[in-house]
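This briefing is meant for a reader who is meeting the structure for the first time. It looks at aromatic rings, at how they pair, and at charged side chains placed over them.

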Amino acid sequence: MEDLEGTKALDLFAGTGAVSWEFVSRGCSEVVAVEQAQVQAGFIRSVKEKLGDKVLKLVKGDVFRFLERAKESFDIVFADPPYDHPRFGEIASLILKSKVCRPGTLVVVEHNRNHDFSRLPGFTRHLTYGSVNFSIFRVEETENDEA
């Protein structure tokens, strides 16, 4: 993983927060974890309290609504949507078109082998680890209107 010291990270569909805490441990200055499920969000909140952490911000809510309303951008965005989510195929495109991205933002989307996001703008590579796949994007100047 690249040096994350001082960067802003966004973890969408954060689950238990494992990726969020990895961002925190690698020096991100701000980490936003978005999780809708009550149990998982509660777990993230309890770990945050136990650690006395000031870096991670939990947003308990719907990722799609979060992307629609987002006003701040991030250096890195990680998304691990449930593979059976009815809008799974839209998530990569919605992230890339949202305000969470700016030129240079690194976007990583975890998915199964049934999805191919290689035709989306900014696609740089596809990685496979067993049954888990990652599509990686680097947002370019023309992908996200700054209007």
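A residue counts as buried when its relative accessible area is under 20%, as exposed when that value is over 50%, and as partly exposed in between. The model described here is predicted, and a search of the whole structure finds 6 aromatic pairs, among them the pair of Phe123 and Phe137.

**The pair of Phe123 and Phe137**

- Phe123 and Phe137 meet edge-to-face, with 5.8 Å from centre to centre and 75 degrees between the planes of their rings.
- Because Phe123 belongs to strand 6 (residues 123–129) and Phe137 to strand 7 (residues 132–138), this pair ties together parts that are 14 residues apart in sequence.
- Phe123 counts as partly exposed, since its relative accessibility is 25%, whereas Phe137, at 0% relative accessibility, counts as buried.

**Tyr129, Phe134 and their cluster**

- Tyr129 and Phe134 also form an edge-to-face aromatic pair, in which the centres are 6.0 Å apart and the planes stand at 70 degrees to each other.
- Tyr129 has a relative accessibility of 53% and therefore counts as exposed, while Phe134, with a relative accessible area of 16%, is buried.
- Tyr129 and Phe134 belong, together with Phe78, to one aromatic cluster.

**Charged side chains over rings**

- The ring of Phe74 has the charged end of Lys8 sitting over it, at 5.4 Å from the ring centre.
- Over the face of Phe64 lies Arg87, at a distance of 4.2 Å from the centre of that ring.

Terms used:
Residues numbered from 1 in each chain as written. Predicted model: local features only at pLDDT ≥ 70, side-chain atom pairs only at ≥ 80, totals over all residues. Heavy atoms only, no water. Phe/Tyr/Trp six-rings, centres within 6.5 Å; stacked < 30°, edge-to-face > 60°. Helix = DSSP H or I, 4+ residues; strand = E, 2+ residues; numbered from the N terminus. Buried < 20%, exposed > 50% of the residue type's maximum accessible area, 1.4 Å probe, protein only. Lys NZ or Arg CZ within 6 Å of the ring centre and 35° of its normal.
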